[in-house]
Amino acid sequence: MSSIDQAGTYLLGDRTVRRLGYGAMQLAGPGVFGPPKDPDAARAVLREAIALGVNHIDTSDFYGPHVTNQLIREALRPYPDDLVIVTKIGARRDAQGAWLRADSPDELRQAVHDNLRNLGLETLDVVNLRSMLDVHGPAEGSLEEQVTVLAEMRQQGLVRHVGLSNVTMTQVEEACRIVPVACVQNMYNLAHRGDDALIDALARDGIPYVPFFPLGGFSPLQSDALSSVASNLDATPMQVAIAWLLQRSSNVLLIPGTSSVAHLRENLKAADLLLPNDALAVLDGIGQPAKGTH
């Protein structure tokens, strides 16, 4: 079994985490709604992630809702000393599973308390504010009121660190004037490179960037190119996509998600994969950075 130590570590808030973590979203039911078909299997994935050295788990109380946090508590409490659990607030689900904005001060405070209760914690390590100005991607607009609420909860000791999700460069700069920003979590992968400038700016400030959907939104041609590189390297497309992200910048932290122990082990083996220059050239051509920056 490979060691994820090969991928290195980075500072997340005031804690050092391995750059390959785990995202718990897929442990909920279909559409990230309701319970999983096999809760025991979901708990087994979480325990295996810890056994393989993962010490950064990403979750949210609106996954399920409540499902992934409760599974994490059931599977992992008492938590390992080095485990950093990152959650996010700012959205909610309706009875049909739709994603709705929920970022009024009262809703944000309630969400923090819901996460604390369902995870069985007295303090949340990192809470990401998920901007819902546009559910499909970053959109400009002030988040001052929401970030200020999180800064207050940090002062109260309910939250150790504040992060941001689905945000623009302008919103990161605005938040940094209110509270130290521990991380930024946006969609970014081989094919969708609009955050290139943001990643580099965060790296200069020592702030982690956590991309989600490492294989999201690829065209058939892009998928074919990725699969060809993977085949040549005797690796899976997901392993190559993860390895490319790890080599993109040292401040990139990965949280690939899966509900399968076998896929979890496969994904974490990407830590051993060093992409040669010819492979990088093909992969870099898959997606072009967007004009302008987020």
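The following chat walks through a predicted model, its sheet, its helices and a few single residues.

Student: What kind of model is this, and how are residues numbered?
Tutor: The model is predicted: local features need pLDDT of at least 70, side-chain atom pairs count only at pLDDT 80 or more, and totals for chains, interfaces and linings use all residues. Residues are numbered from 1 along each chain as its sequence is written, and side-chain values use heavy atoms, with hydrogens and water left out.

Student: OK, the sheet. What is the strand order?
Tutor: The order is β3-β4-β5-β8-β9-β10-β11, an open sheet of seven strands with parallel pairing. Helices (H or I, at least four residues) and strands (E, at least two) are DSSP runs, numbered from the N terminus. Two strands pair if DSSP finds at least two bridges between them.

Student: Which strands are at the edges?
Tutor: β3 (22-23) and β11 (209-212) are the edge strands, and each pairs on one side only.

Student: How many bridges join β3 to β4?
Tutor: Two, and the strands run parallel; β4 covers residues 56-58. Tyr22 has Ile57 in β4 as its bridge partner.

Student: And how many between β4 and β5?
Tutor: Three bridges, again with the strands running parallel. One partner pair is His56 and Val84, the latter in β5.

Student: Is β5 buried or exposed?
Tutor: Six of the six residues of β5 are buried, so β5 is largely enclosed by the rest of the structure. Buried means under 20% relative accessible area, exposed over 50%, and partly exposed in between (1.4 Å probe, protein chains only).

Student: Which residues sit on which side of β5?
Tutor: Val84, Val86 and Lys88 are on one side, and Ile85, Thr87 and Ile89 are on the other. Both faces are covered.

Student: Which strands does helix α3 lie across?
Tutor: α3 (residues 105-119) lies across β5 (84-89), β8 (124-130) and β9 (159-165), running at about 145° to β5. Axes here are lines fitted to C-alpha atoms, for helices over the stretch in contact, and angles run from 0 to 180 degrees between N-to-C directions. Contact means heavy atoms within 4.5 Å.

Student: Helices next. At what angle do α8 and α10 pack?
Tutor: About 95°, with the axes 11 Å apart; α8 is residues 237-248 and α10 is residues 277-284. The two are therefore roughly perpendicular to each other. As for the cut-offs, angles under 35 degrees count as roughly parallel, over 145 as roughly antiparallel, 65 to 115 as roughly perpendicular and the rest as oblique.

Student: Which residues make that contact?
Tutor: Val240, Trp244 and Gln247 come from α8, while Leu280, Leu283 and Asp284 come from α10.

Student: What do helix α5's buried residues pack against?
Tutor: They pack against α4 (144-155), β9, β10 (181-187) and α6 (196-204). The buried residues of α5 (residues 169-176) are Met169, Gln171, Val172, Glu174 and Ala175.

Student: Pick a residue in β10. What does Val184 contact?
Tutor: Val184 is in strand β10 and is buried, with a relative accessible area of 0%. Leaving aside neighbours within four places in sequence, Val184 is in contact with residues including Leu164, Val172, Leu202 and Tyr209.

Student: New topic: disulfides. How many are there?
Tutor: Zero. A disulfide is a pair of cysteine sulfur atoms within 2.5 Å.

Student: Why is Cys176 not in one?
Tutor: The closest cysteine sulfur, in Cys183, is 11 Å from the sulfur of Cys176, too far for a bond. Cys176 is partly exposed at 38% relative accessibility, and Cys183 is buried at 1%.

Student: Any odd backbone spots? Which peptide bond near Gly64 is cis?
Tutor: The one from Gly64 to Pro65, with omega near -10°; Pro65 lies in the loop between β4 and α2 (67-76). A cis peptide bond also joins Arg77 and Pro78, with omega about -5°, and Pro78 is in the loop between α2 and β5.

Student: What about phi at Asn166?
Tutor: Phi of Asn166 is near 65°, a positive value in a residue other than glycine. Most residues other than glycine have a negative phi, and most peptide bonds are trans. Asn166 is in the loop between β9 and α5 and is buried at 4% relative accessibility.

Student: And Asp234, buried or exposed?
Tutor: Exposed, with a relative accessible area of 74%. Phi of Asp234 is near 55°, also positive, and Asp234 is in the loop between α7 (220-232) and α8.
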